[in-house]
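The following exercises concern a single protein model. Each sets a task and then works through a solution step by step.

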Amino acid sequence: MTLLEKINNDIYLATKNKDSLTLNVVRLLQGAIHLEKINKNQELTSEEIMDVISKQIKMRYRQIQKCNDSLDKFNNFKLQELIDKNLQ
C-alpha cells in the first residue's frame, strides 16, 4: 500500500468512524500533497510525499509555538495587571 493509498484509506476510516480531528488532519495532508503534485506537474514519489508531510508537521509546530508564546504573554500581562490592581 502506497502512502497515498494509506492516506485515502485513513480518510475513509475517519469518515466512517466520524472522527473529525483525524479526518481534518488527513485531509490537510492530502491537500498539501495534491498542491505539491500540481506544482511539480508530475506524480510524487514516496520520498517527496514524506517531505511534504514533514514540512506540514514543522509548519504546524511553529504555529503552535507562536500561539503558546502569545498565550504566555497574555497571561503575564493579565497577572501583572492583577498585581498592579491589588497594590493600589
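**Exercise 1. Locate Lys18 and characterise its backbone and its exposure.**

Solution. The model is predicted, and the assignment begins with the position of the residue. Lys18 belongs to the loop that links α1 and α2. Next comes the backbone: the phi of Lys18 is positive, about 55 degrees, although Lys18 is not a glycine. Most residues other than glycine have a negative phi. The last step is accessibility. The relative accessibility of Lys18 is 75%, and the cut-off for exposed is over 50%, so Lys18 counts as exposed.

**Exercise 2. Carry out the analysis for Asn41: in which loop does it lie, and is it buried or exposed?**

Solution. Asn41 is placed in the loop between α2 and α3. Its phi is positive as well, at about 60 degrees, and Asn41 is not a glycine. With a relative accessibility of 71%, Asn41 counts as exposed.

**Exercise 3. Describe how α1 and α2 pack against each other, giving the orientation, the handedness and the residues involved.**

Solution. Begin with the geometry. Helix α1 covers residues 3-16 and helix α2 covers residues 20-40. The angle between them is about 150 degrees, and their axes lie 9 Å apart. Angles over 145 degrees count as roughly antiparallel, and therefore α1 is roughly antiparallel to α2. The crossing of the two helices is left-handed.

Now list the participants in the contact:

- From α1: Leu4, Ile7, Asn8, Asp10, Ile11, Ala14 and Thr15.
- From α2: Thr22, Leu23, Val26, Arg27, Gln30 and Ile33.

Finally, sort these residues by class. The contact of α1 with α2 comprises seven nonpolar, four polar and two charged residues.

**Exercise 4. Determine whether Glu48 and Gln56 are buried or exposed, and name their contacts beyond the sequence neighbourhood.**

Solution. Take Glu48 to start with. Glu48 is part of helix α3, which spans residues 46-87. Its relative accessible area is 19%; the cut-off for buried is under 20%, so Glu48 is buried. When neighbours within four places in sequence are set aside, Glu48 is in contact with Lys40, Gln42 and Glu43.

Turn now to Gln56, which is also found in helix α3. Gln56 has a relative accessible area of 14% and is buried. Not counting residues up to four places away in sequence, Gln56 touches Leu28, Leu29 and Ala32.

**Exercise 5. For Tyr61, Ile57 and Asn39, state the helix, the exposure and one C-alpha separation each.**

Solution. Each residue is treated in turn.

1. Tyr61 lies in helix α3. A relative accessible area of 52% makes Tyr61 exposed. Between the C-alpha atoms of Tyr61 and Ser46 there are 22 Å, for a sequence separation of 15 residues.
2. Ile57 has its place in helix α3. Ile57 counts as exposed, at 55% relative accessibility. Its C-alpha atom is separated by 18 Å from that of Lys6, and the two residues are 51 residues apart along the chain.
3. Asn39 is found in helix α2. Asn39 counts as exposed, with a relative accessibility of 56%. Asn39 and Arg27 are twelve residues apart in sequence, and the distance from C-alpha to C-alpha is 18 Å.

**Exercise 6. Give the secondary-structure content and the order of elements, then explain why the protein is described as more spread out than a compact globule.**

Solution. Count the elements to begin: the protein has three helices and zero strands. Their order from the N terminus is α-α-α. The radius of gyration is 20 Å, whereas the globule rule gives 12 Å for 88 residues. The value is well over that of the rule, so the protein is more spread out than a compact globule.

Further overall descriptors can be set beside this result. Along the principal axes, the C-alpha atoms fill a box of roughly 65 × 30 × 15 Å. Of the 88 residues, 16% count as buried. Among contacts between residues at least 6 apart in sequence, 32% join residues at least 24 apart.

How values were computed:
Residues are numbered from 1 along each chain as its sequence is written. This is a predicted model: local features need pLDDT of at least 70, side-chain atom pairs count only at pLDDT 80 or more; totals for chains, interfaces and linings use all residues. Side-chain values use heavy atoms; hydrogens and water are left out. Axes are lines fitted to C-alpha atoms, for helices over the stretch in contact, and angles run from 0 to 180 degrees between N-to-C directions. Helices (H or I, at least four residues) and strands (E, at least two) are DSSP runs, numbered from the N terminus. Angles under 35 degrees count as roughly parallel, over 145 as roughly antiparallel, 65 to 115 as roughly perpendicular and the rest as oblique. A crossing is left-handed if the near helix is turned anticlockwise from the far one by less than a right angle, and right-handed if clockwise. Contact means heavy atoms within 4.5 Å. Ala, Val, Leu, Ile, Met, Phe, Trp, Tyr, Cys and Pro count as nonpolar, Asp, Glu, Lys and Arg as charged, and the others, Gly among them, as polar. Buried means under 20% relative accessible area, exposed over 50%, partly exposed in between (1.4 Å probe, protein chains only). The radius of gyration is taken over C-alpha atoms; the globule rule is 2.2 Å times the number of residues to the power 0.38.
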